Amino acid sequence: MSIWSNLGLVYALLGAAVAVFLAGAGSAIGVGIAGQAAAGVVTEDPSKFAKVLIMQLLPGTQGIYGLLVGFITLSNIGLLGGSPKALDPQTGLLVLAACLPIGIVGLISGKYQGMTSAAAIGIVAKKPDQFGKAMLFPAMVETYAILALLISILAVNAVPLP
Amino acid sequence: MAVLQMQRISICGLKKDRKAILEKIQSLGVMEMNQIADDEGFEKMDTVNARQSFERQAQAADQALMVLDTYAPLKKSLLSSLEGKALVEKSEFAQAADDKQEIIRKANVLIGKSKEIAEAKANILKIENQIEALTPWLALDVPMNLAGTKKTALLIGTVAAEVAPETIYNRLAQAEPEPVGADIQVIYSDKDMLCLAVICLKTDEETVEEVLRACGFAKPAQVITNTPARQKALLEAEIEKLNKEISEAEEAVRGYAASRKELELVSDYFRTRAEKYEVLGTLPQSQRTFVISGYVPRRYVRALSKAIEEKYDCVFDIEDIKEDEEPPTLLSNNSFSSSVEGVLESYGLPHKGEFDPTTIMSFFYVFFFGMMLSDAAYGAIIAIACFVVLKKFPRMSESMHKSLKMFMFCGVSTMVWGILFGGYFGDVITVVSETFFGKAVTVPALWFVPLDNPMQLLIYSLAFGVVHLFAGLAIKGYMELKEGRVLDFFCDVVLWFAFLIGLILMLIPSSIFASIAQTQIVFPPVLNTLAKALAIIGAVGLLLMSGRENKNPVLRIALGAYDIYNITGWLSDVLSYSRLLALGLATGVIASVVNTMGSMFGKGIMGVIGFVLVFLVGHTLNLAINLLGAYVHTNRLQFVEFFGKFYEGGGKPFEPFKTDTKYVDIKEEN
């Protein structure tokens with residue numbers, strides 16, 4: 001079985017990979033940025049640990065969305081069941097395209113949500129009672145990751161598979 | 001479901017009753033102090049000194065408690081922060097108040113001990129540094145300040161590591177005015193420096209010293225009269241002594257562990273007294289009388305009047321809030337709705353005259369939260385955990401109690417949604433039955449499985465969003481009607497409703513909707529015409545009326561057109577509700593990823609162990625991250641989409657003058 005005879009499957013798997021690794025990388029960057037700010041706050045005031053930890057986790061969702069799309073893709077193309085479907089290259093490319101939104105938006109929004117989270121951690125450090133409002137700013141960024149996730153899920157499910 | 005009505009209460013009493021009346025108000029805790037502007041003939045008492053002295057004593061007790069926590073920590077369980085303040089008898093509190101001198105003395109002893117420990121530790125550090133500086137010289141077996149014998153001179157010091165003794169010997173041999181001899185002993189060498197002891201004849205001392213200085217020879221900074229080894233032993237003995245002092249002081253601190261309770265009581269005692277004196281300092285007083293004024297919720301006015309007016313000679317005056325006054329806000333809701341008050345508070349309490357959205361929000365909140373998490377097993381875990389904690393720690397703080405109750409209700413809602421969507425730890429039942437028993441068993445969803453039909457759930461999510469947003473717009477209308485602004489109500493609310501409902505009715509039979517919903521819905525022609533009519537009336541009305549405050553007709557139309565453009569805002573608001581679908585899918589799919597991973601170990605004992613491990617770790621993580629997600633995004637839907645339609649907030653919370661304790665609650669008599 002040469003790679004050329006099964007190019008469709010390769011494309012589809014590439015799609016799943018793109019969704020997981022781009023979105024995951026975005027989350028990793030974001031959680032990293034927020035984590036640095038969080039660690040700074042905890043050195044000053046360890047009692048704020050729980051609050052800043054929640055803030056740090058907020059940019060972590062993009063990675064999960066990527067995992068989600070990757071998993072749905074793997075399951076749709078039959079790789080998880082051990083019996084991969086025979087996809088033509090065109091279908092494979094369709095699946096790849098369907099995975100792009102959450103991958104790319106996940107990467108970018110993850111980074112920026114991390115920066116917003118870091119700023120929100122600053123709010124928690126100075127005014128812990130404003131936690132509810134502080135949490136809202138990173139959540140705003142996440143909206144676009146959710147929209148991308150939605151389109152990716154709908155598209156992956158909508159691609160006709162043999 | 002309301003903001004409690006406040007009234008202004010003013011009490012004018014005799015000075016002899018001042019203490020009793022103040023204490024009564026403090027123990028009732030229903031009045032927020034707000035003194036009226038000064039009148040002539042009234043003066044304010046200067047209580048700053050007294051207050052500061054009480055605060056200092058409260059701080060001393062707090063510090064002593066911190067010392068106790070450091071050296072004699074209490075064993076605390078993870079959940080102990082939920083226990084809340086201990087309840088003590090009034091007599092016990094009074095006892096501590098009587099013994100306050102003695103207890104504060106103990107507090108000062110504790111603080112003193114902790115200072116002793118800190119000083120001893122600093123000294124140890126200093127001595128350790130000295131020992132370190134001494135280490136290179138340990139091989140020297142004469143005192144470091146020895147100048148020499150009758151005929152010889154001893155020079156000790158360090159040179160840089162590059163300077164070898166041979167170089168010095170060479171230089172000595174070439175010294176001016178005449179070559180000199182000396183014996184150089186290397187005491188210690190490392191990569192940075194050499195420690196040297198140089199012995200020469202007393203007559204040559206000056207020349208030798210000059211040569212040495214030219215080589216960068218430096219005498220040691222600390223000069224000691226003992227041999228280095230002996231000095232080190234002395235210093236070590238001193239450290240030993242200091243360590244013993246520290247452990248003695250620590251032991252002494254531990255001896256006071258039993259005073260923890262007293263210290264807490266006395267700290268609270270001084271804290272309440274400081275509060276009282278703070279209020280006292282703001283009261284206008286004449287020679288014989290004093291005036292207290294403040295806000296009291298209407299429902300507590302009777303109780304206050306009974307406790308004060310009937311017991312003391314005083315004037316008890318009740319007024320309604322004036323137009324220009326901004327009273328504090330206190331909410332009152334039923335047990336279910338009050339649980340989300342914390343969420344509302346984190347956005348901002350309603351300002352004066354504003355509608356309290358708590359009740360309406362509470363239903364949507366629980367509904368959306370459940371939909372985002374939507375797993376029956378997760379919901380059951382959350383609901384049961386919160387229920388158990390609530391029952392086990394009845395004395396936790398009120399805000400914590402409310403939050404936990406909110407999560408309990410959200411857990412129940414999650415359970416219901418999970419049953420509707422057929423999610424129990426994702427698809428654990430199917431996976432387990434297939435892996436270990438070889439026969440797939442599926443618990444059918446009561447409604448439908450979201451992953452099989454995401455478009456359908458998307459439509460429902462957006463529809464719930466429309467209901468939520470319309471509820472917000474309706475509240476805005478209600479508020480405008482209540483304030484008698486009928487024209488505003490018609491233009492801002494009725495026209496928008498007509499416009500939006502018309503557009504929605506036009507959208508439903510269209511082909512776009514059919515392709516999303518996968519069913520064609522056909523309306524009777526009357527309804528189609530009605531839809532068009534509504535949309536057109538709404539649009540034209542908005543175009544003409546939105547800029548009604550502007551006289552200039554062109555500007556007015558332009559503003560109207562801009563308001564119609566807000567339809568894009570509505571569109572993005574509605575689309576925002578797609579997160580209900582996305583987050584719901586996320587929970588289910590990750591749960592099935594966990595289950596699939598667990599089932600990869602195959603059958604048999606190892607398979608079961610592997611499955612259980614993956615199951616526990618995976619589902620714990622999934623629950624935690626999705627719980628956070630559901631909480632954050634439910635809040636967002638309320639704050640941004642829902643409140644954006646009508647709510648301003650910005651009210652000041654009601655902060656009554658009360659016994660504001662930190663460690664204990666005092667049981668009230670009767």
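These legends go with a set of close-up views of a predicted model with chains A and B.

**View 1. Chain A on its own is a helices-only affair, with five helices and zero strands.**
Walk along the sequence of chain A and you read α-α-α-α-α. The C-alpha trace of chain A spans about 60 × 25 × 20 Å along its principal axes. Of the 162 residues in chain A, 54% count as buried. If you look at contacts in chain A between residues at least 6 apart in sequence, 85% of them join residues at least 24 apart.

**View 2. Here we zoom in on helix α3 of chain A, residues 61-76.**
This helix has 16 residues and reaches 22 Å from its first C-alpha to its last, close to the 22 Å expected at 1.5 Å a residue. Is α3(A) mostly covered or mostly exposed? Mostly covered: 13 of the 16 residues of α3(A) are buried. While you're here, have a look at what comes after the helix. Gly78(A) follows α3(A), and its phi is positive, near 80 degrees. A bit of background for reading the helix: an α-helix has 3.6 residues a turn, so residues three or four places apart point the same way.

**View 3. This one shows where chain B meets chain A, with 24 residues of chain B in contact with 26 residues of chain A.**
On the chain B side, four helices each supply at least two of the touching residues: α10 (341-347), α15 (454-482), α21 (579-599) and α22 (604-646). Which of them gives the most? That would be α21(B), with nine residues on the side that touches chain A. Sort the residues of that side of chain B by type and you get 15 nonpolar, seven polar and two charged.

**View 4. Pulling back a little, chain B is divided into domain 1 (145-219) and domain 2 (358-646).**
How many Å separate the centres of the two domains of chain B? Taken over C-alpha atoms, the answer is 87 Å between domain 1 and domain 2.

**View 5. Strand β2 of chain B (residues 6-14) pairs with β10(B) and also with β11(B).**
Strand β10 of chain B covers residues 289-297, runs antiparallel to β2(B) and is joined to it by nine bridges. To find your place in that pairing, look for Gln7(B), whose bridge partner in β10(B) is Val296(B). The other pairing links β2(B) to strand β11 (residues 314-320) of chain B, again antiparallel, through seven bridges. A handy marker there is Ile9(B), with Ile318(B) as its bridge partner in β11(B).

**View 6. An open sheet of three strands in chain B has the order β6-β8-β7, with antiparallel pairing.**
The edges belong to β6 (152-160) and β7 (182-189) of chain B; each has a single partner strand, so one side of each is left without a neighbour in the sheet. From one strand to the next, the twist averages 20 degrees. Strand β8 of chain B (residues 193-201) pairs with β6(B) in the antiparallel sense over nine bridges. In that pairing, Ile156(B) stands opposite Ala197(B) of β8(B). The link between β7(B) and β8(B) is antiparallel too, with seven bridges. Here Ile184(B) has Val198(B) in β8(B) as its bridge partner. A hairpin joins β7(B) to β8(B), and it takes three residues to do so.

**View 7. The last close-up picks out Thr47(B), found in the loop between β4 (43-44) and α2 (48-71) of chain B.**
Why does Thr47(B) count as partly exposed? Because Thr47(B) has 18 C-beta neighbours inside 10 Å, while buried would need 20 or more and exposed 12 or fewer. Leave out residues up to four places away in sequence, and Thr47(B) touches Tyr277(B), Leu280(B) and Gly281(B). Lys276(B) is worth picking out as well: 229 residues along the chain from Thr47(B), with 9.9 Å between the two C-alpha atoms.

How values were computed: Residues numbered from 1 in each chain as written. Chains lettered and ligands numbered in written order. Predicted model: local features only at pLDDT ≥ 70, side-chain atom pairs only at ≥ 80, totals over all residues. Contact = placed C-beta atoms within 7 Å. Nonpolar A, V, L, I, M, F, W, Y, C, P; charged D, E, K, R; others polar. Domains from an automatic or database assignment. Pairing = 2+ DSSP bridges. Expected span 1.5 Å × (residues − 1). Axes fitted to C-alpha atoms, helices over the stretch in contact; angles between N-to-C directions.
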